[in-house]
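Reader: Could you walk me through this model, one question at a time? I would like to see the reasoning behind each answer.

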Amino acid sequence: MTLKIVIFLGSTRNNRMVDRVCAYVKTIVERKGMCPIIMDPAKMPFEIVKAPLHFYPNPADAPQWLRDTNDAIKEADGFLMLSPEYNYTLSPALTNMIDHFPPSSYRHKPAAVVTYSMGNFGGIVSSIAILPFMVALGLVHIPSGVTIPTVQNSFNENGETTDEGIVRRVDKLVDELKWYAEALNDKRAVCAPPS
C-alpha cells in the first residue's frame, strides 16, 4: 500500500517561498515511493475559523469541501508541515488551516516539520513553536526536522536546490517520516490505538 503524506503549506502571501520548498519536498516524498497530498490554504476556501468541522452539531451540514478535506486528513499516513517564521512564531495560515479539523483526524500519526526564513536562522523559532501545537493534536513528532535559512537563495523558481545540506536533511527527514508511518501502520494492523 502506498503511504499517503499530507503536506500542509503555511503561507498565503504573494511571491511566497513555500511553493519552492514544497516543490522540492514533494519530489523527495514521491522519490521515496509515497503519495503527497498538498493542502494549500491559498487554493482552498479556508477562512478564519468560525465553525470548524467538529463544531457542526450535524457534520452533514458542514460544507462538502470541509468534509472531503477531513477525510483526506483521516486517511493520511503522515504529515509534513512547511512553515515560514512570522514574527517569531508559526504562520497563522498554517494554524488556521489545521484548526478547521478535529484532533481525532490527526491523532496517532507521525508528523515532520520543515521551516524556512529569508534570514539566517531558517525559522528555528517557528519549529519550536509548532511542537505544543502538534502535541495537542495527538501527532507523533519525529526526531528529525529541517530548517532552511536564506530560502530565497536556496531554491530556484522550480524548487531545485544545489545545497547539499538541504538535500541531506530533507532526505533524512522523509526517510524517518516513512519509517514512523510504516511502524504505526503495522501496529494499527494488530490493534487499534487507544482512544
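What follows is a friendly exchange about a helix, a surface patch, a loop residue and some salt bridges.

Reader: Happy to start with the basics. What kind of model is this?

Author: Good place to begin, as it affects how the rest is read. Local features are taken only where pLDDT is at least 70, and side-chain atom pairs count only at pLDDT 80 or more. That is how things are handled here for a model that is predicted.

Reader: Let's turn to helix H2. How far apart are its end C-alpha atoms, and what span should its residues give?

Author: Helix H2 covers residues 64-75, which makes 12 residues. At 1.5 Å a residue, they should span 16 Å. The end C-alpha atoms agree with that, as they are 16 Å apart.

Reader: Within what arc do the buried residues of H2 fall, seen down its axis?

Author: The buried residues of H2 are Leu66, Thr69, Asn70, Ala72 and Ile73. They line one face of the helix, because seen down the axis of H2 they fall within an arc of 155°.

Reader: And which strands are among what covers those buried residues of H2?

Author: Contact here means heavy atoms within 4.5 Å. By that test, the cover over the buried residues of H2 includes three strands, namely E1 (4-9), E2 (35-39) and E3 (78-84).

Reader: Moving to the surface, is Tyr88 buried or exposed?

Author: Tyr88 sits in the loop between E3 and helix H3 (92-98). With Phe121, Ile124, Val125 and Ile128, Tyr88 forms a nonpolar surface patch whose accessible area together is about 570 Å². Exposed means over 50% relative accessible area. Tyr88 has 65% relative accessibility, so Tyr88 counts as exposed.

Reader: Which residues does Thr150 contact, leaving aside its neighbours within four places in sequence?

Author: Thr150 lies in the loop between strand E6 (146-148) and helix H5 (151-154), and at 25% relative accessibility Thr150 counts as partly exposed. Thr150 and Gly123 are 27 residues apart in sequence, with 9.8 Å between their C-alpha atoms. The contacts of Thr150, once those neighbours are set aside, are Ser117, Met118, Gly119 and Asn120.

Reader: Now for charges. Which residues are linked with Arg16 in a network of salt bridges?

Author: Side chains of opposite charge can pair when their charged atoms come close. Arg16 meets Asp19 at 2.9 Å, N to O, and Arg16 meets Asp40 at 2.5 Å, N to O. The partners linked with Arg16 in the network are therefore Asp19 and Asp40.

Reader: How many residues apart in sequence are the parts that the pair of Asp40 and Arg16 ties together?

Author: Asp40 is buried at 4% relative accessible area, and Arg16 is buried at 11%. Asp40 lies in the loop between E2 and H2, while Arg16 lies in the loop between E1 and helix H1 (18-31). The pair therefore ties together parts whose separation in sequence is 24 residues.

Reader: One last pair: how many residues apart in sequence are the parts tied together by Asp171 and Lys32?

Author: The side chains of Asp171 and Lys32 meet in a salt bridge of 2.8 Å, N to O. Asp171 belongs to helix H6 (residues 164-190) and Lys32 to the loop between H1 and E2. Asp171 is partly exposed at 29% relative accessible area, whereas Lys32 is buried at 18%. Since the two lie in those parts, the pair ties together stretches with a sequence separation of 139 residues.

Note on methods. Residues are numbered from 1 along each chain as its sequence is written. Side-chain values use heavy atoms; hydrogens and water are left out. Helices (H or I, at least four residues) and strands (E, at least two) are DSSP runs, numbered from the N terminus. The expected span of a helix is 1.5 Å times one less than its number of residues. Buried means under 20% relative accessible area, exposed over 50%, partly exposed in between (1.4 Å probe, protein chains only). The arc is that of the directions from the helix axis to the C-beta atoms. Patches are made of residues with over 30% relative accessible area and no salt bridge: like charges are joined within 9 Å, nonpolar side chains (Val, Leu, Ile, Met, Phe, Trp, Tyr) within 5 Å. Accessible areas come from the Shrake-Rupley method with a 1.4 Å probe; for residues, only the protein chains shown count as cover. A salt bridge is a side-chain nitrogen of Lys or Arg within 4 Å of a carboxyl oxygen of Asp or Glu.
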